[in-house]
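Student: I should like a close look at a single part of this protein: the region where its domains meet. Please take me through the spaces and contacts found there.

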Amino acid sequence: MSAFARGSLLGIEHLQAEEITGLLQLARRMQRGQPRPVLRGKTVGLVFYEASTRTRTSFEMAAKKLGALTLLVHASGSSIEKGESLLDTGYTLRAVGCDALVFRHPNAGAPHLIAAHLDVPIINAGDGMHEHPSQALLDAYTILQHMKDLRGKHMAIVGDIYHSRVARSNIHLLSKFGVQLTLCGPPEFVPETAATLAKGLRIARHLEEAIRGADVIMLLRVQKERLAEMQFDVGEYIARYQLTSARLRLAKPGALVMHPGPIIRGMELSSEVADAPQAVIREEVRNGVLVRMAILARALGKSK
Ligand code: NCD
């Protein structure tokens with residue numbers, strides 16, 4: 001089944017490779033020309049039950065560049081605080097006049113529930129530990145701006161993969177396009193079962209082993225509270241897994257360094273690496289606007 005039923009984008013897992021390529025091509029067309037106001041007269045609701053900087057602002061920017069109105073709803077300050085259910089919030093936004101809803105929620109499957117009940121496209125902007133499809137699309141877009149093809153490229157994903165919806169969506173997408181993936185981190189963050197997520201996934205416990213010869217290194221945020229939960233010393237994590245300039249030299253020359261943000265300098269990467277020319281972290285954010293324009297145009301049937 002396509003996750004694009006009724007224009008929704010709920011995850012990468014069930015998308016066909018052609019649908020992904022179609023979205024990336026549409027984003028490229030958005031980059032080339034002055035955006036046309038194809039969503040004039042439409043309203044996009046941005047419903048964020050969780051904190052967000054990049055995802056929220058770039059969906060808002062994308063909707064506005066295409067001429068849509070946006071309505072922003074945060075959990076705090078809305079009736080969600082008073083105990084209104086997820087579905088009732090969805091029905092309310094539909095009744096107000098939203099033509100599409102962008103949803104971020106701490107529970108996996110929340111956007112799917114809304115999509116099953118509402119007659120408007122639902123875009124998943126991150127659901128719990130499950131998926132973050134627009135992030136994986138903007139990451140693929142960013143890699144393809146630097147490399148002709150994804151097939152056969154070596155990529156290391158380093159950090160708290162277990163809790164990361166960004167990692168999960170990226171693994172689904174990149175595996176469909178023949179990227180050779182190595183997941184790296186301690187067993188609590190990269191359990192052996194992660195290898196069952198997709199065929200051909202490698203697991204490395206040492207950063208050096210994971211990034212040697214890599215074309216792309218994707219780092220993920222590591223929360224101090226999570227390290228504390230698993231009784232892993234912060235200093236030890238930094239000593240073993242922080243990407244420093246010295247370690248980066250093990251990767252292919254000019255290897256891309258990616259991070260979905262928010263980055264914690266001095267934790268998963270050194271400040272020097274964060275600012276290195278090969279770090280494309282801010283480029284990812286810029287491309288996020290284009291990719292989200294493509295997602296919204298497609299969702300509302302204005303992709304021609
Ligand atoms: C991520 C998220 O919220 O899933 N950020 C993002 O959307 N770019 C990653 C994170 O919070 O660590």
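Tutor: The account below begins with the two domains and then turns to the pocket, the cavity and some local features.

The structure is a predicted model, in which local features need pLDDT of at least 70 and side-chain atom pairs count only at pLDDT 80 or more, while totals for chains, interfaces and linings use all residues. Residues are numbered from 1 along each chain as its sequence is written, and side-chain values use heavy atoms, with hydrogens and water left out.

The protein chain is divided into domain 1 (5-131 + 287-299) and domain 2 (147-279), with bounds that come from an automatic or database domain assignment. Between the C-alpha centres of domain 1 and domain 2 the distance is 27 Å. Their contact (heavy atoms within 4.5 Å) takes 16 residues from domain 1 and 13 residues from domain 2. The size of an interface is often given as the accessible area lost when the parts come together. Here domain 1 and domain 2 bury about 1,200 Å² between them, and 59% of this area is on carbon and sulfur atoms; buried area is the accessible area (1.4 Å probe) that two parts lose on being put together, summed over both. On the side of domain 1, the residues that lose the most area to domain 2 are Ile-12, Arg-54 and Met-129, which together account for 44% of what that side buries.

One salt bridge is found across the interface of domain 1 and domain 2, the term requiring a side-chain nitrogen of Lys or Arg within 4 Å of a carboxyl oxygen of Asp or Glu. The whole structure holds ten salt bridges. Among them is the pair of Arg-165 and Glu-50, whose closest N and O atoms are 2.8 Å apart.

Arg-165 and Glu-50 also bring us to the largest pocket. Its space comes to about 650 Å³. On a 1 Å grid over the protein atoms alone, a pocket is an open set of points with protein on both sides within 12 Å along at least five of seven lines, whereas a cavity is a set of points where a 1.4 Å probe fits but cannot get out; lining residues have an atom within 4 Å of a point. Grid points are joined across faces, edges and corners, and a volume is the space filled by probe spheres set on the points. The largest pocket is lined by 25 residues, of which Glu-50, Arg-165, Arg-221, Gly-261 and Pro-262 are the closest to its centre. Helix H2 (54-65) and helix H6 (165-176) are the elements that give two or more residues to this lining; helices (H or I, at least four residues) and strands (E, at least two) are DSSP runs, numbered from the N terminus. Domain 1 and domain 2 each supply at least three residues to the pocket lining.

Gly-261 and Pro-262 are joined by a cis peptide bond, with omega of about -10°. Pro-262 is placed in the loop between strand S9 (256-258) and helix H11 (271-274).

Gly-261 recurs in the lining of the largest cavity, as do Arg-54, Ser-58 and His-259, among others. The rule counts one cavity of 30 Å³ or more, and the volume of the largest cavity is about 70 Å³. H2, helix H5 (133-146) and helix H12 (281-299) are the elements that give two or more residues to its lining, and H12 provides the largest share, four residues. Because both domain 1 and domain 2 give residues to the lining, the largest cavity lies between them.
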